[in-house]
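Please open the model in a viewer and display the side chains. The tour below proceeds by selection, from charged pairs to aromatic rings.

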Amino acid sequence: MNSQLAASAMSHTNESQHSSILGWIAAAAGTVALAFLIYYNLTHGEHHGPADHHAPPFWGLGILPFVGILGSIAILPLLPMTHHWWERNVNRFAIAILCGGLTVVYYLFARGADSILPMLNHAIPVEYVPFIVLLFSLYVISGGICLKGDLAAHPATNTGFLAFGAAIASFIGTTGASMLLIRPLLQTNSERKHVVHTVVFFIFLVSNIGGALLPIGDPPLFLGYLRGVDFFWTFGLWQQWLFCCITLLVIYYVWDSVAYRKETKSDIRADETQRTPLRLTGTINIVWLAGIVFSVAFIVPGKQFPGLGFTVFPFLRELMMLALVACSLLTTPRGVREANQFNYAAIIEVAALFVGIFIAMQVPIEVLKASGETLTAVMTDPWQFFWSTGALSSFLDNAPTYVVFFELGKVMPAGSAPVLLGEAGELGRISAQLLVAISLGAVFMGAMTYIGNGPNFMVKAIAEQSGIRMPSFFGYMFRYSIPILVPVFVMVTFVFLRGNDEIATSESVPETPSAHVEPASAHDATAH
């Protein structure tokens, strides 16, 4: 028996060493590839896509790698023969690169060799790099803020955690709020057995819906800001944000009250006796988080750097955020991250998977763009954009999906009170009602699946590291998000998107290019 245990331990050690070596090789190769693509971006710009804007030929084959990576995320963790294999990030990265590589091969045959670098340029430097740098920066800096304590895990306490997280998510990002609060919430509930629903509602409220009020809150709104939407425009979504937050908090409180009664007396006794007051350390990182907000709000490539007068060059914003990460690592007191049980596993998992997702999704995105004329012929109301954006955000990741429907919205008649994009509308205009619907769909329905928004995966990974058996990809959808969120979103549709939802047609609103129209707020767009 001892020899068998020793052999098993040696095999596990060899496997770990093998995976570590592969991980370093993958990291080195990825760094070289990323450096080349950034160089290509700096020398060739951000142009992407064929001039004819037609769907690529045989696109049904082209979307298979994207279907494959989604299927891997959904199925491989469930199969006994692949469950442990999938737990290693190097293996996740291998699947991501395989699907991304198949997409490259498809472009080679469908569009020609000249299409590959422009496609990769758009997928990686233009989309993936800003996305993952923002998530990484918020993840690391917020990981240096340790909120430690163990309160009595009453339903009111847990509801308070969720409400506070939803309130701060727009200001420090859904990633920052998730990383700050998920561990103390899990510690507070460590004596309880029925905890899964708490993590799920945390994903709903803190990792998604809570971030609807500022571009720093959620990546889709960040991309809208980069395309000319005013930084504070999304504050006008406060009514829809408040409606969803209150509704879900009430549902959660009732659910958790029922679950609390199912706990054993010994667990409740332990929860009541093992209490530790909340204590916040690493507060210097609040300064660095404010720096991230400043970087997102004011450092825009091609525009003047605030107060200094020089033009912001490409990737300066990302360099500033990484510099703030370095400041966080250097100034955070020793022991804070250890007390926070901080590690890079969750963000590495997101980075490894999403590099493949961003490459593989280029074909579905092209198909959607090529279908713009058809879609705008059948989609005339904001509620249609809300549900279409949301449905695709659930599976395509909400950030690039937002961009697709944002561009579709720009070709629709903008109505009498459009949102001007850029300082004076030089980047175009979009119907305020449509922008509200697209923003809500992307942010709110990013909570529908684990891959809808980056923080979802992180929270799931941290919960599983704490010993909580989270539902599978489909279990999350069919047991939680569909029966809970869909009815809430139906109410949002009828309350906010159906009362004043007529989009003006080109016949009813004549074009007046010379007239200056003030940007409409999100509040104006939904006022009855």
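Select Arg111 and Glu366 to begin: their side chains form a salt bridge, with 2.7 Å from N to O. The term denotes a side-chain nitrogen of Lys or Arg within 4 Å of a carboxyl oxygen of Asp or Glu. This contact joins distant parts of the chain, since Arg111 belongs to the loop between α5 (89-110) and α6 (116-143) and Glu366 to helix α16 (residues 362-370), 255 residues apart. Helices (H or I, at least four residues) are DSSP runs, numbered from the N terminus. Colouring by accessibility shows Arg111 as partly exposed, at a relative accessible area of 24%, whereas Glu366 is buried, at 9%. Buried stands for under 20% relative accessible area, exposed for over 50%, and partly exposed for what lies in between (1.4 Å probe, protein chains only).

The model is predicted, and local features require pLDDT of at least 70, side-chain atom pairs pLDDT 80 or more, while totals for chains, interfaces and linings use all residues. Residues are numbered from 1 along each chain as its sequence is written, and side-chain values use heavy atoms, leaving out hydrogens and water.

How many salt bridges does the structure hold? There are five. Move next to Arg192 and Asp256, whose side chains meet in a salt bridge at 3.0 Å, N to O. Here too distant parts of the chain are linked: Arg192 lies in the loop between α7 (155-188) and α8 (196-205), Asp256 in helix α10 (residues 238-261), and 64 residues separate them. Both residues, Arg192 and Asp256, are buried. Then select Glu318 and Arg317, a salt bridge of 3.2 Å, N to O; Glu318 and Arg317 are each buried.

Turn now to the rings. The structure contains 27 aromatic pairs. Rings of Phe, Tyr and Trp (its six-membered ring) pair if their centres lie within 6.5 Å; planes under 30 degrees apart count as stacked, over 60 as edge-to-face and the rest as tilted. Centre the view on Tyr450 and Tyr476: the ring centres are 4.5 Å apart and the planes stand at 35°, so this pair is tilted. Tyr450 is in the loop between α20 (432-444) and α21 (454-465), and Tyr476 is in helix α22 (residues 473-496), 26 residues apart. Tyr450 and Tyr476 are buried.

Extend the selection to Phe201, Phe204, Tyr252, Trp255, Phe457 and Tyr480, which form one aromatic cluster with Tyr450 and Tyr476.

Finally, add Lys460, which lies over the face of Tyr450, 5.3 Å from the ring centre. A charge sits over a ring if NZ of Lys or CZ of Arg is within 6 Å of the ring centre and within 35 degrees of the ring normal. Arg337 likewise places its charged end over the ring of Phe342, 5.5 Å from the centre.

Notes. Helices (H or I, at least four residues) and strands (E, at least two) are DSSP runs, numbered from the N terminus.
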